[in-house]
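This report covers a sheet, some of its pairings, and selected surface features. Please view the sequence and structure first.

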Amino acid sequence: MKILLLVTGGRGGADFFQGLLDEHTQILQFPGDLHQSHENIFQVLSLKKPDEIANKFINTFPHFFNSKLNKLERHHNLGPKRNKFYKLSKKKFTHFFIQNFKKKKKMNKIDIMINLHLAYDLAKGKSIKKKKVILIHTHLIDFTKKFIEFVGLKNITIIHTIRNPLAAINSPVKNWLKYERGKNFFPKNLYFQLDLAFQGINELTKLRKKIFIIQMEKLHWDHKKVMTNFCKIFKIKYEKCLEKSTYFGLQWWGDQISKRWVSGINKNFKINIDKKFFFERDIKFFENLGHDLIKFYKYEFIFKNSIKNNFNILPMKCEILVWKNTFKHKKIKHILSIPYFYLKRIFLINKYVINIKQLPYSVGSNKNE
């Protein structure tokens with residue numbers, strides 16, 4: 001069975017893409033990612049007794065069994081009227097897991113992970129006979145590295161969702177500063193987003209695994225082509241469910257962070273670069289920083305013939321906004337971190353450090369692109 005790890009870029013549509021694979025008859029997946037409880041999933045996979053493994057998994061991911069608990073991703077507001085949720089029988093899940101476990105004399109970590117997925121689908125009342133792919137949403141790059149090392153994965157493929165690098169900064173700054181009045185977005189979070197936008201692909205290529213890119217914009221604009229190509233790559237059939245983002249077959253409306261209700265594929269999707277978050281020099285700097293990425297993935301430049309700006313030593317507008325937010329919340333620890341992450345950004349986010357060596361194929365692209 002082919003194992004795919006789903007890794008996100010800055011608000012790159014990983015949950016949206018995962019929702020498109022929901023209900024596919026040849027794909028196994030949980031209704032969410034593993035990274036939020038990453039230490040506990042390692043504990044789950046380290047246990048030996050099947051009943052203990054099943055119980056630990058249920059306690060680690062209770063929102064997989066009652067979606068009312070997953071309010072951040074709005075799994076309590078599913079369906080056309082946004083009033084549906086899903087539940088899965090813990091008793092059935094445990095029964096199927098133990099039953100499958102006993103069929104093998106010994107299970108390693110990846111065997112346990114596969115068995116957890118099989119038991120989950122069986123508890124949903126699904127057939128597992130035609131399954132060819134397991135999608136594991138590891139979400140963050142650092143967790144993905146740890147997960148691969150921990151379970152000893154060798155023959156795996158990484159699916160990395162991205163978007164225009166400027167939008168990959170614009171979107172989290174805009175949405176996280178607005179969500180809960182910005183109480184979750186400070187200098188370290190901004191640095192994380194900058195590093196992810198421009199170094200994420202490089203970090204993944206260091207793992208020496210096969211990588212495919214899913215561009216969020218292309219997923220909207222050229223949806224059928226992207227999903228048809230995805231099916232061809234992984235030798236699964238194209239099914240109608242791939243045209244709608246759902247969880248447990250119920251329409252998904254996007255997460256709470258953006259505070260918008262997004263119904264799914266949008267042919268009119270726009271790349272928004274809000275100048276409230278950037279000085280002109282910031283945009284020129286970012287476009288020089290991500291020049292190869294922007295060109296290779298067919299994004300448009302805002303400043304096509306500007307002077308190359310390899311360093312941006314002055315404070316950027318997004319940094320100033322995050323600093324103001326940090327003082328507003330009177331978080332001493334985060335206030336003291338401002339000069340550290342400012343200097344770290346200057347020394348580690350510049351053209352001399354950011355050097356994208358290998359750009360993976362974008363699913364749905366023409367062969368000559």
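## A lysine in a loop

The model described here is predicted. Lys-71 lies in the loop that runs between helix 3 (50-60) and helix 4 (90-101). Its relative accessible area is 48%, and because partly exposed covers the range between under 20% and over 50%, Lys-71 counts as partly exposed.

Lys-71 also belongs to a positive surface patch, which is formed by Lys-68, Lys-71, Lys-87 and Lys-90.

## The sheet

An open sheet is formed by 5 strands in the order 2-3-1-4-5, and the pairing is parallel. Its edge strands are strand 2 (27-28) and strand 5 (210-215), each of which pairs on one side only. Strands of a sheet pair through backbone hydrogen bonds, either parallel or antiparallel.

Strand 1 (residues 2-8) pairs in the parallel sense with strand 4 (residues 156-162) over 6 bridges. In this pairing, Ile-156 of strand 4 is the bridge partner of Ile-3. Strand 1 also pairs with strand 3, in the parallel sense and over 6 bridges; here Leu-4 stands opposite Leu-135 in strand 3.

## Strand 3 and its cover

Strand 3 (residues 133-139) is mostly covered, with 7 of its 7 residues buried. Both faces are covered. On one side the buried residues are Val-133, Leu-135, His-137 and His-139, and on the other they are Ile-134, Ile-136 and Thr-138.

Strand 3 pairs with strand 2 as well, in the parallel sense over 2 bridges. Ile-134 in strand 3 stands opposite Leu-28.

## The loop before strand 2

Gln-26 is found in the loop between helix 1 (14-21) and strand 2. Is Gln-26 buried or exposed? With a relative accessible area of 8%, Gln-26 falls under the 20% cut-off and is therefore buried.

Gln-26 and Arg-208 are 182 residues apart along the chain, and their C-alpha atoms are separated by 26 Å.

## A nonpolar surface patch

A nonpolar patch on the surface is formed by Phe-311, Ile-313, Leu-343, Phe-347, Leu-348, Tyr-352 and Val-353. Together these residues have about 700 Å² of accessible area.

Phe-347, one of the patch residues, sits in helix 14 (residues 332-348). Why does Phe-347 count as exposed? Its relative accessibility is 57%, and exposed means over 50%, so Phe-347 meets that cut-off.

Key: Residues numbered from 1 in each chain as written. Predicted model: local features only at pLDDT ≥ 70, side-chain atom pairs only at ≥ 80, totals over all residues. Heavy atoms only, no water. Pairing = 2+ DSSP bridges. Helix = DSSP H or I, 4+ residues; strand = E, 2+ residues; numbered from the N terminus. Patch = residues over 30% accessible without salt bridge, like charges linked within 9 Å, V, L, I, M, F, W, Y side chains within 5 Å. Areas by Shrake-Rupley, 256 points an atom, 1.4 Å probe, with all protein chains shown as cover. Salt bridge = Lys/Arg side-chain N within 4 Å of Asp/Glu carboxyl O. Lys, Arg positive; Asp, Glu negative; His and termini not counted. Charge placed at Lys NZ, Arg CZ, Asp CG, Glu CD. Buried < 20%, exposed > 50% of the residue type's maximum accessible area, 1.4 Å probe, protein only.
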